Amino acid sequence: MYLLLSCLSRLRIGKPASVRSSLLILSNGFSSSSVQTPPCSIICADPCGAGLGKLVIMNANEGKCTDLEKKVPLELVDSDPMVTIGASHGWVATLKDDGVVRLQDDLNPVASDTNPKRIPLPPLVTLPRCQTQIVTNVAMSSSSPKDEDCVVAIKFLGPQLSFCRPAQSNSEWINIRIANPGFFSSRVMYSKKDDMFRIPGSGGHLIGSWDPRTEDHNPKIQRLRFRNLPELPKTKRELLDSCYRSEHLVESRTTGETFLVKWYKKATTKDTVKMKTKAVMVFKLDEKGNAVYTKDIGDLCIFLSKSEPFCSSSSRFPNCVDICDVDEAAIASLEYDSIIGGTCTNGAPYHIPPQNIDY
């Protein structure tokens, strides 16, 4: 945990000695034609001139910061207001004054900095009584928007949910107006298991699923029944009731499990107001709609940030939730119901999932 906390200081505070090491890890530990990067977090970019900075990441498996030679536009990690609106599979989405959403691989540590990919999406179409300036998050159905069948989903704050296929010629948005207000502030994720985009409703009692390949824009609704709820002391209940709560769906590609995470945050009262995690609760979902509270997800670590959430096996932080937010970086232990971390200022609060690379 010391390495985690010391790395937090890189977010606006000083600059310790550089750590330079290889980012790639062999997927099987031996010589191989296939390598996989570990999950990582974007920490910052050290300015190096011409509006660029050298990317600094934290390797989730090692818990230490790494200074890369990769140069990225500083506006992606240090702009106010933020030009990034979300990320998925290592692709960050930007939305500037021209109103065009672009998918960029600049913050992907293994992507080229000499030939970065910037893919403009079709011009946004705003449905009546909706807005397309404030984005809840971005999700993708595959690891690259250049894949022919890749679908990009953007969930806007409010009723609008939009899909497009960037690799197809004459791509255009499929815009859906969601009727149930319980989904208006929720985040979208792609379920590989169901091959649909899913959104948890406020409170987590409903999950809506959409298939953009069909003309039927009505969602498939699943009702959840919460099981094995813990008996909380009065002080803990009052604390959770006073928090801002958000719900997040995450799917493990390795185990096939689906989890619902309830994330509780509360504003701090010291100096400037910042949101700090007070608790996380994880529920394992089954096909019958049971949401079973659990403190044991095995060797998995759930990664929550402004990116589309994901799971990954972790030897360093198993059975934990790794949090990267604009005001905070922390590790929440499910077994011990404890949170270690601190407040910070992070202009690029993104976790990058493992990347498979073939040689």
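Is Cys-243 buried or exposed? Cys-243 is buried, with a relative accessible area of 13%. Keep in mind that you're looking at a predicted model here.

**View 1. Cysteines without a bridge.** Search the whole structure for disulfides and you'll find zero. Take Cys-164 as a case to look at: its closest cysteine sulfur sits in Cys-150, 8.3 Å away, and that is too far for a bond because a disulfide needs the two sulfur atoms within 2.5 Å. Cys-164 also counts as buried, at 2% relative accessibility.

**View 2. A sheet with five strands.** Here's an open sheet whose strands run in the order S24-S23-S25-S26-S27, with mixed pairing. Strand S24 (310-313) and strand S27 (338-343) are the edge strands, so each one pairs on one side only. On average, neighbouring strands of this sheet are turned by 15° against each other, direction ignored.

**View 3. Zooming in on S23 and S24.** Strand S23 covers residues 300-304 and pairs with S24 in the antiparallel sense, over four bridges. Look for two phenylalanines here: Phe-303 stands opposite Phe-310, which belongs to S24.

**View 4. A cavity and its lining.** The model has two cavities of 30 Å³ or more, and this close-up shows the second largest cavity, with about 40 Å³ of space. Among the residues lining the second largest cavity are Asn-137, Arg-187, Met-189, His-248 and Pro-309. Strand S19 (residues 244-251) gives the most to this lining, with three residues. Sort the lining by class and you get five nonpolar, two polar and two charged residues.

Notes. Residues numbered from 1 in each chain as written. Predicted model: local features only at pLDDT ≥ 70, side-chain atom pairs only at ≥ 80, totals over all residues. Heavy atoms only, no water. Axes fitted to C-alpha atoms, helices over the stretch in contact; angles between N-to-C directions. Buried < 20%, exposed > 50% of the residue type's maximum accessible area, 1.4 Å probe, protein only. 1 Å grid on protein atoms, 1.4 Å probe; cavity = no way out; pocket = protein on both sides within 12 Å on 5 of 7 lines; lining within 4 Å. Points joined across faces, edges and corners; volume = space filled by probe spheres on them. Nonpolar A, V, L, I, M, F, W, Y, C, P; charged D, E, K, R; others polar.
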